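Got your viewer open? Let's take a short walk through some charged side chains, one stop at a time.

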Amino acid sequence: MSSNDEASDMMNESTDAPVEVTTDAIDREHEPSVVAPPEAAEPEAAAPCATEPPVVSENRIDRVFAGLRAEGKRALMPFVCADHPSPASTVSVIEAVDAAGASVIEIGIPFSDPIADGPVIAAAMHEALVAGSTPESVFESVRSVRDRVQAGLVAMVSVSIVQRIGEETFIRRAASAGFDGFIFPDCPLDEASDLSRRAADAGLTSTLLISTTTSAERAERIAKACTGFVYLVTRAGITGEQADAPDIGARVTKLREWTDLPIACGFGISTADHVRAVVEYADAAIVGSALVRRVNEAAASGRDASAAAGAFVRELAGGLE
Amino acid sequence: MTETTQNAGEAPGEQAVEERRISDYPTREGRFGVYGGAYVPETLVFALEELIETYRSIRENEQFWAELRELLRTWVGRPTPLYGANGLTRHIRSRSGKDKGAKIWLKREDLAHTGAHKINNALGQAMLAVKMGKTRIIAETGAGQHGVATATACAHLGLACDIYMGSEDARRQKLNVVRMQMLGARVIEVDSGSRTLKDATNEAMRDWMGSVETTHYIIGSVVGPHPFPAIVREFQSVIGREAMAQSLRAMGQMPDVIVACVGGGSNAAGIFYPMIEEEIRMIGVEAGGESSDAGRHAAPLSLGSPGILHGSMSYVLQDESGQTSEAHSCSAGLDYPGVGPEHSFWKDQGRVEYCAVTDQQALDAFLLLSRTEGIVPALETSHAIAKAVELAGEESKDANILVNLSGRGDKDVEEALRLMGGEVKPSEMRRVQRNRRKDKKRDGDRNAGKSQPDGKES
């Protein structure tokens, strides 16, 4: 399955989707280069079973969730935009959020065209890029903070960035920087099999999103393609703060029939009460825009962004009790 | 050719896979070779699947196509004429070597309702939206041509219509903003990023993420995730089908060369695709802008590399870490860092040649066509004219070059004036007119006693 042609990486067909599911199998009959034999033998561990988390995993995200589960606890998963409000702040914001009770931290790698994100996160990414953020600068920050934080670190990254740098190269660099997993917000199941496999080969988790508009049949297939945790999008639309807690009970219950992986819910979760409502069913609550806004406000008024981030995450963590 | 056209958007049966022709793409999964695909957030997968389903069902629905044909005839004004551009041809021949100076023919999409080919797609997709039971339409627009076409189609079909437009573009194209509003559309100005077409497209996609159940997104070109490139190509292919039949009548044969400008690439796909299996040289002309320096052009096929933008893999202008680069062109319709995936495929297959023409060359062609033919072309189209004029000078007199005159230039008059430094130089005009008089004299001498084959119009 391996290919040294980056452009054709996206072509490789899913190993678990049968070819007769023609609407979803990736066609490649006309692309003989990608069916060439692998350039190197793949290690034995290269075929993880996506439905079952490994019994003993080296991956920090798996260990974090296993530990919480053993104690009957739920997780808070804050999202921070890397290199925002400034490239120098990434490390201190991650440390503050970790100390305030985050179990896993989503680190958004700034992208010029984040179509799934609302105005708050899109503007933060834009500012970070203007300030010179690159995937390499994010890797540097993660490398320097990795040993000082307990939380699992997940890169939220556009497939445009991964494809340009090259799937294998990107994943290798992210792994060596200290990332534990990936979320690919603009890569649907049908295009993701190769990415997921490469992430698994590197010992990192890869999470795809399940939306409100996803059919049951498709949700099952997505859940089975995830490792680490499943990301359940609580609402149609883009990221951004909402007044009401999402109603996710039935969807989470259904999802548990198909996967034993932890289920994390995100989009529109803005307060400790929302967190409480979400973790009544789900394993983790993801909070993005509400946190990024507070970081923004602190920076704009000359206050310490990392202190503001820490204080808000501590407040959110109240919803876990 | 009719069969291949009817196969647009879907791969042939499995048995044909070995012998897939260039017209048999995209595959069922929306791939043109390695290009295309659907890189979208999961929320949009539902809408794309629904669109694929509806599109497949209407392909067999003769009533849908009959309705569309009737509206294209009576409301859009199709077929648009094929016009033998004798004035321009004479001008070219007056400056070419002996026996050089191919004849230029223009496919007059500028005469379609709303003044450009954009209406073909806007009407077709709006009718598709009605079939899907959607009550609201959204669209992105750069210069405003696709926005106006979409607003026009929505007014006709009674659909609510919101148009996303970069605030910078809205300022430059104020007249089109007012036009859309008069047609009943709401124009939403976008202040993010570079405030142009790319950002308007992002914002339209974000809207769609939250409104997919009631809203259809009419993408304005052969770009975006599958099935949009195939659907837009299908609705634009009416250009090529007409042009083929008209060429056979007017030239007695297929054209030797077809030239079209390429931004996203819908007018080019529309005229190329129905003749893509024929032995015809095809040239797509991108916006070379001010120079080939990064950020100063909009020529991803000529100067970019494969990457993912707005849901599909194609040639794109990106930096080394995948961030979309700024594009530049004097023509807002070509000012886009991406291009349709099928053009990337045609480029790699060697089927279509792609080149770039600078702002200045386009501006010269804009004036030249205005003054030799009395047709003011869009600045977008002027890029194709510039290339065709250059080529005609090198080709034999017997050759026929077909140019897709994709839109009229009334919208560009102010921008052209600005580019000319605020003054339309009369000397330029006199020079052209002098040439015409000279040409006439020479033609008269040369053609004495001969019949003049030019001057036919289909």
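A residue is called buried here when its relative accessible area is under 20%, exposed when that is over 50%, and partly exposed in between. Keep that handy, and bear in mind that you're looking at a predicted model.

Start by selecting Lys411(B) and Asp412(B). Their side chains join in a salt bridge, with 2.7 Å from N to O. Are these two buried or exposed? Both Asp412(B) and Lys411(B) turn out to be buried.

Next, go to helix H9 of chain B, which covers residues 197–211. Pick out Glu203(B) and Arg206(B): a salt bridge connects their side chains, at 2.9 Å from N to O. They sit 3 residues apart in this helix, so about one helical turn separates them. Now check how open each one is. Glu203(B) has 21% relative accessibility, so it counts as partly exposed. Arg206(B), at 7%, counts as buried.

Staying in chain B, select Glu290(B) and Arg296(B). Here's another salt bridge, and its closest N and O atoms are 2.7 Å apart. Glu290(B) is partly exposed, at 49% relative accessible area. Arg296(B) is partly exposed too, with a relative accessibility of 32%.

Now hop over to chain A and select Glu167(A), Glu168(A), Asp194(A), Arg197(A), Arg198(A) and Asp201(A). Instead of a single pair, you'll find a network of salt bridges linking these residues.

Want to keep exploring? How many salt bridges does a search of the whole structure find? Over all chains, the count is 49.

Key:
Residues are numbered from 1 along each chain as its sequence is written. Chains are lettered from A and ligands numbered from 1 in the order in which they are written. This is a predicted model: local features need pLDDT of at least 70, side-chain atom pairs count only at pLDDT 80 or more; totals for chains, interfaces and linings use all residues. Side-chain values use heavy atoms; hydrogens and water are left out. A salt bridge is a side-chain nitrogen of Lys or Arg within 4 Å of a carboxyl oxygen of Asp or Glu. Helices (H or I, at least four residues) and strands (E, at least two) are DSSP runs, numbered from the N terminus. Buried means under 20% relative accessible area, exposed over 50%, partly exposed in between (1.4 Å probe, protein chains only).
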